[in-house]
Each structure stands twice: as structure tokens, then as C-alpha cells.
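Biologist: Please take one part of this model and look at it closely, then set it in its surroundings.

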Amino acid sequence: MARKAFLIDMSRCIACRSCQVACKQWNKLEPEATVNRGSYENPPQLTPQLYNQIQFIEQGQGDELRWLFMNQRCMHCGDAGCIKVCPSAGALYHTPEGMVAFNQDKCIECHYCVNGCPFDVPRYDRKKKVTKCHACVDRIANGLVPACVKACPTQTLRFGDRDALIAEAKAAGKTVYGESELKGLGAVYILEDAPQTYNLPAKPAIPASIFLWKDVIKPLGILGFWGAMGAALLHYVTFGPKKLDEYGRRHDDDLNPPEKGA
Amino acid sequence: MTNHWIDIRNADVVLMMGANPAENHPVSFKYVLEAKDRGATLISVDPRFTRTSAKADIYAPLRSGTDIPFLGGMIRYILENNLYFDEYVRHYTNASFLVSDDFQMPGELDGLFSGYNAEKRNYDKASWSFQRNEDGTPKTDPSLQDPRCVFQLMKKHFSRYTPEVVSDITGTPQDQLLKVYEAYAATGKRDKVATILYAMGWTQHTVGTQNIRAMAMIQLLLGNVGMAGGGVNALRGESNVQGSTDYGLLFHILPGYLPTPNAGQPDLAAYIAAHTPKTNDPQSANWWGNRGKYITSLLRATYDQSLTAEEGFGYDLMPKLDLGQNGSWLMLFDRMHKGGIKGFFAWGQNPACSGSNAGKVREALAKLDWMVTANLFDNETASFWKGPGVDPSKIDTEVFFLPAAVSFEKEGSVTNSGRWAQWRYEAAKPLGNSRPDLEMINDLQFRVRRLYQAEGGAFPEPILKLSWNYGFKMPDGSIPHIDVHAVAKEINGYFLEDKEIAGKLYKKGDPVPGFALLQADGSTSSGNWLYCNSYADKGNLMARRGKNDPSGMGLYPEWAWCWPVNRRIIYNRAAVDMNGKPWDAKRPVVWWTGNGWAGDVPDGPWKPMSDAEGKKPFIMNADGVANLFAPGLNEGPFPEHYEALECPLDKNPLHSERINPTIRLFSAGAVGEDVDAYYSCDQRYPYVATTYRVTEHWQTGVMTRNTPWLLELQPSNFVELSVELGQEKGIKSGDWCVVSSGRGQVEAVAVVTRRFRPFKVQGMTIHQVGLPYHYGWHTPKAGDSANLLTPTVGDANTMIPETKAFMVNIEKKRG
């Protein structure tokens, strides 16, 4: 299947936040009690109950004043830090469309994905399981566009064949963000200014520590695990099974001595 | 709207002033951005930099209440630089008409037009008239040179609105002012067109009607009316408010914009005589000459058809206004406040939050014997008796609550701003005991009827002779389930007897195919002549969903149905030259083929104007042309700047009349204890304030505050103010503040923003703040209604309250 993607043209966004609400409606996300902190932006950041959020960015002043809007969400990276770092296969995965989805049944609550994400996207919900934008997997698998795209009145949000959307944007003379970063983002942006203006990293990268984990420590760890198993087997073969002491307790039980007075 | 939503995409310039469509009409922005994609220039003029301004190519700030100087300056710019569309102005407007020699203007009379009566606060309009020939047609000077012609008078009147003068009133920097003028006035060419999108930011002023008048004049000078991508477009704030206006929601009109009869019109003939204009100009269609057909057909639809012509078909039964009576919102609540009203239906509304000077409204509700509220949710009106500062034991008003069905739970038509009547279906059954409004009204009608039948009472005929044939009748005559299709068909109208018209026989009971066939002799009925054709021989056209667009310009003639007679752009005969050829070949709306019109449904079948049998394009005016000089309005035939009732200036910079000389003043004195007091140029209330809506909430928030997903986005009342004012008052973003006016106070979270900036006016620095009016005490922690601050004063013509410009103070909340 050809890779799909969001094309998000912030120059068309009027910050109506239909995307925020439509997402909550489709995904049955709970409303949250918020307070006005002196801004239209609310909730202040992505939460387990908020998969995409509009940021309101006020810039300059007087005649130079600009009010920019940014749709923050999972970028559905081609090379996804969250998947890379996840120790539980299938908890986070690429859908056939190329979007990054999750399976809470397989989530082992380790929070590694939080550190593995260059965009600070994954959140943990009340069940302590990972949650984030999954591009409405249940909709796109059935040929529908994600709920946010459906609700957007200005075509800020579009969803479709990734190559075609990018080609169209380029033909219109736009520069896109996310075309090749991290093997191509699944949320490609048209911005009116530098990425940093929109609180986006200019060159997004998976944190180096992740490579250390994924490519060095984790393989070593796996090696270490099997190494230890192998050593244990060797020990068993060589010395035979551990003998119980005369009270029928294993030696290890001493690690948990009964509490005083018990 | 003269045009429609999709048509916005055809514009070369989109001016958004007195409106904030990105926030309040987000779907419109689909078309606004399509215009931009085509290369259009987007202009936002607003006291505050809004989400609309964020998308605009040009943003110009102006102090609330100074739209007329801003637009007057544009009229001057167009005239001084000869940027008007000469041929259009000469032939399609009254620019060439000669005005009475007695007529004088504010430049001569220190702010007043001729004929002012200071005691009555009104004008004798005798001098605001045209010089006429013996046959009644106006005298004209086609060269537009006569100093008494409308064109020259207009030029003289607006010559006072120089960029320097305007900028010093509006606070708009001159360079931005000129940028707007230049971009907009560039559409005076025949193949360029601009549209204006306006809303409550223009209407809710004491000079609201004249704000719109000023813009209509600009559109006429530039030849933008009737054109695709042009027109004067009111963005209506509710999905069906266009429909409710069409159906006579307001006190002064019956369905189809027929004036409400008054006590001075004792019979139908007198009514018709008073409201049927005449002309001797063979080229004027004078469409209101048909008034008698429309009122008669309305009476035939309303009352028992046994009533005869001698009985005026029921005209005597129709409620009539006393002479000079004004039954508008402010007047009703004033009367209620004085104890003059016993009972009140608050149907689908929340006046305790929506009414200007809401504190007065809340006091007024306590003086009722009974109140019925029909709504989706409990709200500040239904529960006013337990509101803040109210002791329920002291309230005698008996309150009834009727739970109402949501729009998606009932079938019927909704008319949008573009005049499209779209049929909708019941998507879900009403929740619990809630019921559609129509069912409630049906029940109410039968119960009241039965009471009159049983008890007689004073003047029972208007109820007993009401015709009510909307469904299957039980033996006792009642209708258990009202049929919305029967209502819609009666609105369209029927032939009540066999009738032959132009060789064609229409049978008794046939639907009338169009309003041109309605009759003044009582042989037809129509509940609203404008909707005649919507549900006729071809069935329910409002239910159509055809997607053909032969024009390629988004007219979609088979999508739903549009009044009048499916005409998508009204005044479209002004989109062509004298020979019926489109001014703009790229965007033709209608054109004359030699033996008929093609394109949109034309504004009448007559030949183009160059033919002796042709007609002038503005068919609703007796003279057949558009009014650059409009003698009908109360404060003058040309717009003139007057300050808001509450303003920061002690003097109008242009002349000695500070405020609109024809507004009704409710307060006895300027400053005092009474509930309607106003506080202009008062140190206690030094800041200009305005109210508005945000995308996330709707109206007083009864629906949206009860939708937790929306409350999450905008949880509480807030007040926007500039960084400079924040510094001056020690207020930071996120601080709770108290905003107060002479009438009340509300708490709100400060949003300190560079999107508001101080205005330089008359050598002073003037600060402005703004608050949404979506909140109410019924929602915990949300704050109360901003309408507790707004004044009891209305526009001089419409009485719409002035909630867009008033004076307040703001302080950080203590403790």
C-alpha cells in the first residue's frame, strides 16, 4: 500500500479547533476541566485525552504583528523513535498506511516511548497505557479520512497519498516540513516561517540515548540475558539442581527475612 | 446576503469589517481562502487583531463606533480620485437626481440635516426629497454636474472626511487607512469586484443602519452590486435567523417583509394604499406595486377562507400597532421592567444573558406574573429567580420550562444567510419528553382555541377564525401530530378557486407556482410570498440536493431552493450593461441572448434597459435605481459620523452633535441612579469596550457551555486588553479582573495581548478592551454575562442595542 500522510497547511488554519473537538468526539476522549491562563490555547498541551492541539503563537507587534497557529500532533515518523525504543513488540506499530498506531493490550507501561519521541507526543492515560494520535486507524482502514480532517473547514488538514500530497504542495510553490526527516514524517507541514517559530525542531532526530539503548544496550542486554541463561544451564549441568536446606527453604529466602516481631 | 456563501470565492477583494468570519462563521473561510487562492486581497478592519486578521493581507485597526468616518473617507477617496464605475453610477443609481433646494447637510448645519426637531429628536423629512417633474418622475442631470444633484451633494458631504480627519477620529494610522482605500477602490473597474462581509460589528451601534448604508454606497459607486463576487453580505449569526426574519420575527414586519398594520390603517384598502408605491416611469418595475397581492394572499393563508373581501379577508383580526408604537426588544423589556407585561414566552432564547443591560432584564423578569421558557437546557433566564443576588422567596413570577427538541431532532426548513431554504430531516428522536417547537405551538393553539370556545372572552375571533389545517384532524377538530409539509405547502400557497391566468387554467387546490401569479382578489393564498415557488407543482424544491453548476461559479441552482424564485444573486440585472451584456465577461451572472435571459434567474423577465420595454435593475425601489441618496432613514439621507452614546470624547470632532440626534434616550439624565444611566466621558469608566463571540461558543452559550468538549477550549469569561493598558493597571495575563460599567460588573480572566493596541485620537491615547458575551452564572466558575455591562440604547432605525461600543473600567480583582 502506498504510504499515506497528513498534509497540514498552517497558512490555511483559522484556529477554529474543529480538529481538536472532532478527534475527541470520534475517539470518545473525555472532556477536561481547564482554566483560562490568559490565552486561547487550551488544554495547554497534549494530554491522554487530547490527541491534537492548536497552539496560538503571537509574534511581533504593531504592523508587524502575526498570529500563527500550529496543529500539534503525532508526526507518524517513518523512522519512529517510539517504535524503535518500545520493548514490547506490537505495542506501537506502523499501520499498512504508514501511520504510527498503538495497541494498549501490549503496552507494558515502561514510558520508553516518551523519551524516544523527538516531538514530545506520547502520553499515558489513567490505565497507565500509551495513547496518542493514531490517525483514526479505524477510519482510515475503512477508507475514511481521520476525524480531524473531516471536520476541518478550510482544508488546513488533508489526508491521502503521501507522495501525491507532497508533489501537489511543491507544485504550488510551497516548502514542506517533514518530507525526508526521520525517513519522512507522516504529518507533513506547510509552514509560513521557520520550524522553530512553530515550536518544531529544525532537524528532528531521535534522541541519541535511544540509539544507545536500541542499538547497543538492548542488543547487549539481550545477549546478556541469553548469556546468563546459558551460564545457568552450564551451572545446572555441571553442578546439578540447587539443594534445599534441612528446613525445606531455598537459600534465596534469606533475602526476605521475616519482619521483626512477626 | 445579496449573494451567497460560495460566491465569496469569486471576489477580487474581500473586506471583512464589522465581522470576524474566521471565528464566527468558520465555514465561510473555506470560500474566503478560495478567493485568496485565486489571488484576492483579504482585508480585516477591526478594533482587535482577530483570527480573521491573522489571515488577512491588510489589517487596519479602528476605534469601536467609528466605521462611518472610516467608510466616509473611502467614499471621498473614490470620488476625489474618480475611481467610481461611471456608467453604473449614472444609469443604475440616483446619482443624477436633483434634490430639493431646501435640503441642507451637516457641513452647513453643524452636524444636522435640514428639518431637525430637537424636542422630538426627529426630522421633518420634507426637504429630503427630489425635485420632480409634473408626472412625478424625478428631475435629473445626466451630466452629474448640477450642484443639487445627488452626486455633487454626496461629494460635498464626504469632502469633509479627509484621511487626516478620519485617522484622528478612528485612530487608524493614515498609511493603513489608505492601503485599505486603495485596495478596495481598485474594484471600480467593470471586470473587478469586491465583497463586503459584515455582521453584528456594524449593526450593534446607535448608527448601525448608517454603517451599512455607507458600505452599500461604496458598493454602488464601484459597481459591485448584482455582480458575482460582490454585493452587500450580512453574515447571519444563527443557522436560521435569515429564515426567522423572512417570516416576520420582528415586530414591525409580517412574513415577506410586509409592514405590520397600524391603527392608522383601519381597513385593507387603507393598508394597501399606504404601502403601495407608485411610479410613472415606464422603465421602473416598481415591484412593491404588488403589495396588495401579497398581503391579501397572506390573509387568505392565515384566516378562515370563509371571510370575504368585504371583511378584508380577516384584516380586521390582525393585530395592529398603535400609531408610533415601537415593539422592539429594548422597548419590551423597558415595559416589562415598569410592570407593564404580565406573561412572557422566552422561546429558544436567554435574555438574562443576551439582552443588553442584562441586569435590567433580570429585574424585569421578576415583575412578570408568569414566564414560559422553551429551551434545550436550564439557563440563566429559566432560573433567574435563583440567580446571584436574587432571593427566591421574593420572586412571584411563576416559571414553566418546556424541554425543546434540538434542530437535528425535527424536520423542516432552515434558511441560511445566502437565502437558501434547505430542507432537513429528523436525524434522531427527541430526547426524553422534549418536543419540536412546532408540536408545542400546535398544542398551544388548540388549548387557547378551546378556552376561547368555552369561555368566549374579549375578541375571540382572531383565534377562532385562524385557519389551522396542518394534518389529520380528530373528530373534535384537533390535530395530534402537526405535519410540517402541510405548513410548508401553505407558505408556498394555493389557488383557492379555479383561475385562468394568461391562457392557463389553475385548479382550485393547485399550489401557486410562483409569486408573479399571486392575486389581490382573494383567489390565492400564500403564507410568505417570498417563498412562493419553494413547494409547488415540482414538489419540495428545498429538499433538492443537485450538484450541477452550469455557471461554473458556484450558483448550484439545483441545490435546495433560494428566495426569490431560486435567484441566487439578487439585483443581478445590475451585473449587465444597458444592452444586457455582462460588465465582467469572466464572471457573467446573467446575460441577454436576444430573446431571453440566460444564467442565474434574472431579476425579472423584461428586456435590457436600452430597449423601450426594458426595466431598470433595482426593481424594489419605485424609481428603479439604487439609492445613493436615501431619504427613508431616520438620521439623514447620507451617513454622518456621530459618537457612540458612551464614548471617550466630550465632543464630536466633526461638529457639535456628539451622538446620533435621533436615537431614543431611555435615561432621564445623563448620569444618575436610574437603571438606564449612561456614562460618557466619565473618569470612572475611561476605556472603550466591545463585546463579541468566539469560535468555541455560541450566543449566550446555553448549548456550548453544556458541551464539555467546548467548555474545555474556552472555560471562562475573559477580557482582552493591550500590553500597554496591562502595564498601566498592573494586570498580567491570567489575572482575574473586574470589568465594570455604569450598569454592572463582571469578573473575567485577563488576556493581555499585542492584538489590542491603544488608539491615538484627538491627541489622546485611548484604550479599548473586549469581552465575549458567552458566559453566565449557571455554569460554575465561568463568570457572568458581559451584557451586564452594556447600555440600554439602540440604533435610531432598528433599535438593535449598542453593545459594540460602550465605556468601562477594569481593575485587577482583589483578594
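Modeller: What follows is a close look at helix α15 of chain B, and then at the chain around it. This is a predicted model, in which local features need pLDDT of at least 70 and side-chain atom pairs count only at pLDDT 80 or more, while totals for chains, interfaces and linings use all residues. Residues are numbered from 1 along each chain as its sequence is written, and chains are lettered from A and ligands numbered from 1 in the order in which they are written.

Helix α15 of chain B covers residues 358-365, and because seven of its eight residues are buried, the helix is largely enclosed by the rest of the structure. Here a residue is buried if 20 or more other C-beta atoms, placed from the backbone, lie within 10 Å of its own, and helices (H or I, at least four residues) and strands (E, at least two) are DSSP runs numbered from the N terminus. The buried residues are Ala358(B), Gly359(B), Lys360(B), Val361(B), Arg362(B), Ala364(B) and Leu365(B). They pack against two helices of chain B, α13 (329-337) and α14 (351-354), and against the strands β11 (370-375) and β25 (744-753) of that chain.

As for the surroundings, chain B has 20 helices and 29 strands, and 53% of its 815 residues count as buried. Its C-alpha trace spans about 80 × 70 × 55 Å along the principal axes. Among contacts (C-beta atoms, placed from the backbone, within 7 Å) in chain B between residues at least 6 apart in sequence, 70% join residues at least 24 apart.

Terms used:
Buried ≥ 20, exposed ≤ 12 C-beta atoms within 10 Å, placed from the backbone.
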